[in-house]
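Colleague: I am new to reading models of this kind, and I would like to go through one slowly with you. Could you put it up so that we can both look?

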Number of protein chains: 2
Amino acid sequence: MTQIYSRVALIGLGLIASSMAHAMRANGLAGQIVGHAKSAETRATALEIGLCDHVYATAAEAVQGADLVVLAVPVGAMAAIAAEIGPHLAPGCTVTDVGSVKQAVVAAVSPYIPEGVQFIPGHPMAGTEYSGPRSGFATLFQNRWWLLTPAEDADAAQIAKLRNLLEGMGAKVDEMDVAHHDLVVAVVSHVPHAIAYTMVGVADHMRRVSQSEVVKYSAAGFRDFTRIAASDPTMWRDVFLTNKDAVLDILGRFAEELFVLQRAIRMGDGDYLHDYFTRTRAIRRGIIEAGQDTSAPDFGRNPASKPEGKA
Amino acid sequence: MTQIYSRVALIGLGLIASSMAHAMRANGLAGQIVGHAKSAETRATALEIGLCDHVYATAAEAVQGADLVVLAVPVGAMAAIAAEIGPHLAPGCTVTDVGSVKQAVVAAVSPYIPEGVQFIPGHPMAGTEYSGPRSGFATLFQNRWWLLTPAEDADAAQIAKLRNLLEGMGAKVDEMDVAHHDLVVAVVSHVPHAIAYTMVGVADHMRRVSQSEVVKYSAAGFRDFTRIAASDPTMWRDVFLTNKDAVLDILGRFAEELFVLQRAIRMGDGDYLHDYFTRTRAIRRGIIEAGQDTSAPDFGRNPASKPEGKA
């Protein structure tokens, strides 16, 4: 494949950034890849395993001369990073991010983007339960959605160039309104994660069901709850703090719905339960018919293509 | 492997019974396999695909001469079936069942078990989202737990013989107290399923997030919720009606826990969220260290060993 950017600066070197580095190299999409992480150990690792051609102790140094800057830090750290790099961005540079929440990132980053630089917010819908610079792999984005939420007046040529990069790493790209994005991901990702965390918390508090039993028999539905509940705590704290309105909206609806189901169980209303379970089954069929699933469940991940020995 | 039972009668011919038929045949564990299903179409299918050597229009006929009878009907249908077959069970016969709930099954079935026949309740912790006589496959039970809840005075030799059969089909067998079983499965299976059904129901009601988007981006955590929410409605109705006390207990704890999390999000309590997510991560690590998981999530199923083309 042809090179799309000559110098890509990865700010933050965790799962997403390290996977991007592997994917860009595997496909020849970037001339140079440079990076910044606040931890000296992470920077050393990034050099050691060949993620970056150069690493820098500050984000300000890392972005100099880059034609693409990727903000791959927790959402809560975006504003400080944007303030630091703003004065050092090269004219014509594209800045993107990989945060799971978009309105808060736009609010945090946009004020620091200088004239002549384009900010195109992004969200790769891919991840694993692992984190850090060693957790990345080149195929993480294969067949995953990468959502972009550009402003209405964003430069079409720069959007097209960024799309080329993302598609070159195997992702499917969609554009949507930034507020709508936050609501959609609250439904399909954030609230399911909140629920999984909660269910694991309940099991943790149960004294009558010893932890060893919860672990031993965990294959029966509970195990994948523990898997998503093992995701990076800092990232998820920031997701819930910064997509608060949409998450509270959907959580409120979930609680209402759960109480109706709970009441039907308490009242022994078998007809209601059967009807309800039949309706949810139809949604599942819609997903299969839309070609969005196979018989191999993966809870939003892509383990089949993960190199052996990663777990 | 050597034959363990000479004539096995499968009452009900859905996913579990058809998988047992395949697994028993593949391992030479049963002399004859006979069956009953209330639907003539299911009985014809069972003969056509070779699940059963003979099928019978009534359960009473099917159990005659059997040394093992497997009750593989929804929990709500167990009492009527037990009443029907009771007078026809051969002396020395073992009766087991495959219900996901055990106290209700013991209460429904035990009164109809005659002197000289042993009832050993069982629960294979295995399943897929598919149902019916064509959904079974021989490896469904491979490395899955099969819990037995025999009465304290149950015959040790008959338990050992049944264990041999289950282990011969690849299952790992544990015995536990019947009430404790129902609480454990409420935590690791029933409440996670109730939650998944509820989350899919919420998505169904959302007018602002079109169904096509929920489907399109469903890989991000939501998709496996839809998978478990596609399980057999009748089976799950009966599970919730018959394990009501344990399910309501755990659902109540879940709702409390969820409200505490929701409040922390509303109040912007980042420290609480970070601590909470760090604790749940530790539980996940316990599961990996206990060898109960690999990097391949499967939400309680075993799709890797499912024959191609089953989905």
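Colleague: How much area do domain 1 of chain A and domain 2 of chain A bury between them?

Modeller: This is a predicted model, in which local features need pLDDT of at least 70, side-chain atom pairs count only at pLDDT 80 or more, and totals for chains, interfaces and linings use all residues. Residues are numbered from 1 along each chain as its sequence is written, chains are lettered from A and ligands numbered from 1 in the order in which they are written, and side-chain values use heavy atoms, with hydrogens and water left out. The domain bounds, which come from an automatic or database domain assignment, give domain 1 (5–176) and domain 2 (180–305) in chain A. Buried area is the accessible area (1.4 Å probe) that two parts lose on being put together, summed over both, and for these two domains of chain A, with 56% of it on carbon and sulfur atoms, the value is about 1,800 Å².

Colleague: How many salt bridges are counted between domain 1 of chain A and domain 2 of chain A?

Modeller: A salt bridge is a side-chain nitrogen of Lys or Arg within 4 Å of a carboxyl oxygen of Asp or Glu, and over all chains the structure holds 14 of them. Between domain 1 of chain A and domain 2 of chain A, however, the count of salt bridges is 0.

Colleague: How many residues apart in sequence are the parts that Arg25(A) and Asp53(A) tie together?

Modeller: The side chains of Arg25(A) and Asp53(A) meet in a salt bridge, with 3.4 Å from N to O. Helices (H or I, at least four residues) and strands (E, at least two) are DSSP runs, numbered from the N terminus. Because Arg25(A) lies in helix H1 of chain A and Asp53(A) in the loop between helix H2 and strand E3 of chain A, the distance in sequence between the parts they tie together is 28 residues.

Colleague: Is Glu48(B) buried or exposed?

Modeller: Glu48(B) forms a salt bridge with Arg134(B), at 3.5 Å from N to O. Buried means under 20% relative accessible area, exposed over 50%, and partly exposed in between (1.4 Å probe, protein chains only). Since the relative accessibility of Glu48(B) is 59%, this residue counts as exposed.

Colleague: Which helix of chain B holds both Arg253(B) and Asp249(B)?

Modeller: The side chains of these two residues, Arg253(B) and Asp249(B), meet in a salt bridge of 2.9 Å, N to O. Arg253(B) and Asp249(B) are 4 residues apart, about one turn of the helix, and the helix of chain B in which both lie is H11.
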